[in-house]
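Here are a few exercises to work through with the model open in your viewer. Try each task yourself before you read its solution.

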Amino acid sequence: MVMETQAAVVHSESTPIPMENSSYPPFLTTHRNLFEGCCEAEVAAAAEEHHYCDLPLIDLGRLHGDELEAERCKRDISAAAADWGFFQIVNHGVPAKLTARLREEQAKLFRQPFKKKSGENLLDFADDSYRWGTPSATCLRQLSWSEAYHIPLFSSSSDKSTPRSSNCKHVIEKYSSAMSELANRLLDTLAEGIGRDSTHIKDNCTRSTCYLRLNRYPPCPVPSQVFGLVPHTDSDFLTILCPDRVTGLQLKKDSKWFTVKPNPNTLIINIGDLFQAWSNGLYKSVEHRVVSNKYQERFSVAYFVCPSKETMIQSNVEPAKYRKFSFGEYRQQVQQDVSLTGYKVGLASILTEQPVKLVNLKDQVFMSDLDDQIPAAFDPFAEANADDSGAGTKEYVHIRIQQRNGRKSLTTVQGLRKEFSYSKILKDLKKEFCCNGTVVQDPELGQVIQLQGDQRKNVSTFLVQAGIVKKEHIKIHGF
Ligand SMILES: O=C(O)CCC(=O)C(=O)O
Ligand SMILES: [Fe+2]
């Protein structure tokens, strides 16, 4: 059965599809070249992920109970932020009726024809508030099968409203105020949990800097090929997520992905990068993603607690894991990383002691080596920007295959720059491609990485995507 989405457009070129009335963005037609490539194993695996996790569930009503109970509740919140980076809350004070009204308005808004959403400023929000897909995606793994209204709160006030938009804007306005109040209570508790005062965050995260994002994940005919929302961490202090009852959200815990059981009666809180840095890594900004769904559309609303660009982020603990940075600087770094590598490197760029910054093929970044040292001269960005960038400017990195006894083969990698930590690269290659390997010292060639099996293509792609070697500097050899 062909679904009534752009699948029909792509698969039957000769049949004109009445797109004008569709509310779905033209994902398949716009990214036709990406869909013609091969499937992404990571996305396929995500779509198959059935390990549900029970997020810590915290009854915020306990904060108003007796003193002992309130203290226990605060401890539970801090523990969840440290262990999971995610937790759910009930009795949070946001009226169920308000949430229901917001959901209703959200559905109405997204169900407007795509042409209208992309062509008109439907709600007189900021001009570019409607977004869909990932315009810069160069492979399917970078494409998000979703659309969103990204609403800076200063633009949501009802005074600019036309009658058409006023209901929706009014609800957004009320909901945002409820979020802001709730966020402040959570910030108080979370800051107290690390012995800090939340004033710095609260003073800098204001109506003009926080924002609300209305998300819709339209049904996707190829859920094993594309994410609803690509794996990411949030670049804020805190996110308050209002999910619906459709499964989709997954988060990473202890290097494994878990699916969050949907519970539309709770709000989900997750720690963002800034809180991780401000808490010196005690609270975790955890990677999460949304898998797409073939049959059901899914909605969510996210409230992001963001500061002004000038706000400085600094932990009060020594030794500090992250250097002092401004939010503006961080945003810029994230954008630069994305344009250079295709991925957000995130806080790994801000570490006081830089590990090897490897961009994983599957995940954004390996954080496993966070505490390890690498030679100070190693700076993947400087390398990438310089004219003589990458390993082997004059000499090539050689990837060879050797036939071992029987049908076994061995891949060797030789010629990487000496500054690189071969052992760390090996470790990540082994993890990435589930194979054994070792680093050997060759009297003539220097250090050589050896991997079991024919990993030539895998290794080559990995080295390029990690920014370690430029494609044109790699020589892949045959038997
Ligand atoms: O829709 C969801 O469940 C997650 C949304 C999200 O992670 C985001 O908007 O940053
Ligand atoms: Fe997120």
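For sorting residues into classes, Ala, Val, Leu, Ile, Met, Phe, Trp, Tyr, Cys and Pro count as nonpolar, Asp, Glu, Lys and Arg as charged, and the others, Gly among them, as polar. Keep in mind that you're looking at a predicted model.

**Exercise 1. The shell around the ligand**

Task: work out how many residues surround ligand 1, and how they split by class.

Solution. Start with the count: ligand 1 has 14 residues around it. Arg213, Tyr217, His288, Arg298 and Ser300 are the closest of these. Now sort the shell with the classes above: 7 residues are nonpolar, 4 are polar and 3 are charged.

**Exercise 2. Polar contacts and cover**

Task: find the side chains of His232, Asp234 and Arg298, and give the distance from each to an oxygen atom of ligand 1.

Solution. Take them one at a time, with 3.5 Å as the cut-off for a polar contact.
- Asp234 puts a polar side-chain atom 3.3 Å from a ligand 1 oxygen.
- For His232, a side-chain N or O atom is 3.1 Å from an oxygen atom of ligand 1.
- For Arg298, the corresponding distance between a side-chain N or O atom and a ligand 1 oxygen is 2.9 Å.

Next, look at the cover: on its own, ligand 1 has 300 Å² of accessible area, and the protein covers 99% of that. Then ask which elements build the shell. Those that give two or more residues are strand 6 (211-217), strand 7 (227-232), strand 12 (288-291) and strand 13 (298-305). Strand 13 provides the largest share, with 4 residues. As for the site itself, ligand 1 sits in the largest cavity.

**Exercise 3. A closer look at His288**

Task: place His288 in its element, decide whether it is buried or exposed, and find a backbone partner for its side chain.

Solution. First, the element: His288 belongs to strand 12. Second, the accessibility: buried means under 20%, and His288 has a relative accessibility of 7%, so it counts as buried. Third, the partner: the His288 side chain reaches the backbone oxygen of Val286 at 2.9 Å. His288 is also among the residues closest to ligand 1.

**Exercise 4. Backbone oddities**

Task: check phi at Ser255 and Asn280, and omega at the bond from Glu318 to Pro319.

Solution. The background first: most residues other than glycine have a negative phi, and most peptide bonds are trans. Ser255 isn't a glycine, yet its phi is positive, at about 65 degrees. You'll find Ser255 in the loop between strand 9 (249-253) and strand 10 (256-260). With a relative accessible area of 58%, over the 50% limit, Ser255 is exposed.

Asn280 has a positive phi too, near 55 degrees. This residue is in the loop between helix 10 (273-278) and strand 12. Asn280 is buried, because its relative accessible area is 12%.

Finally, the peptide bond from Glu318 to Pro319 is cis, with omega near -5 degrees. Pro319 is in the loop between strand 14 (312-313) and strand 15 (325-326).

**Exercise 5. Far along the chain**

Task: what separates the C-alpha atoms of Ala47 and Val291, in residues and in Å?

Solution. Along the chain, Ala47 and Val291 are 244 residues apart. In space, their C-alpha atoms are separated by 6.1 Å. To place Ala47, look in helix 4 (residues 41-47). Ala47 is partly exposed, with a relative accessible area of 27%.

Conventions:
Residues are numbered from 1 along each chain as its sequence is written. Chains are lettered from A and ligands numbered from 1 in the order in which they are written. This is a predicted model: local features need pLDDT of at least 70, side-chain atom pairs count only at pLDDT 80 or more; totals for chains, interfaces and linings use all residues. Side-chain values use heavy atoms; hydrogens and water are left out. A residue is near a molecule or strand if one of its heavy atoms lies within 4 Å of it. A polar contact is a pair of N or O atoms within 3.5 Å; within protein, one must be able to donate a hydrogen and the other to accept it, and residues adjacent in sequence count only if both atoms are side-chain atoms. Accessible areas come from the Shrake-Rupley method with a 1.4 Å probe; for residues, only the protein chains shown count as cover. On a 1 Å grid over the protein atoms alone, a cavity is a set of points where a 1.4 Å probe fits but cannot get out, and a pocket is an open set with protein on both sides within 12 Å along at least five of seven lines; lining residues have an atom within 4 Å of a point. A molecule sits in a cavity or pocket if more than half of its atoms lie within 2 Å of its grid points. Buried means under 20% relative accessible area, exposed over 50%, partly exposed in between (1.4 Å probe, protein chains only).
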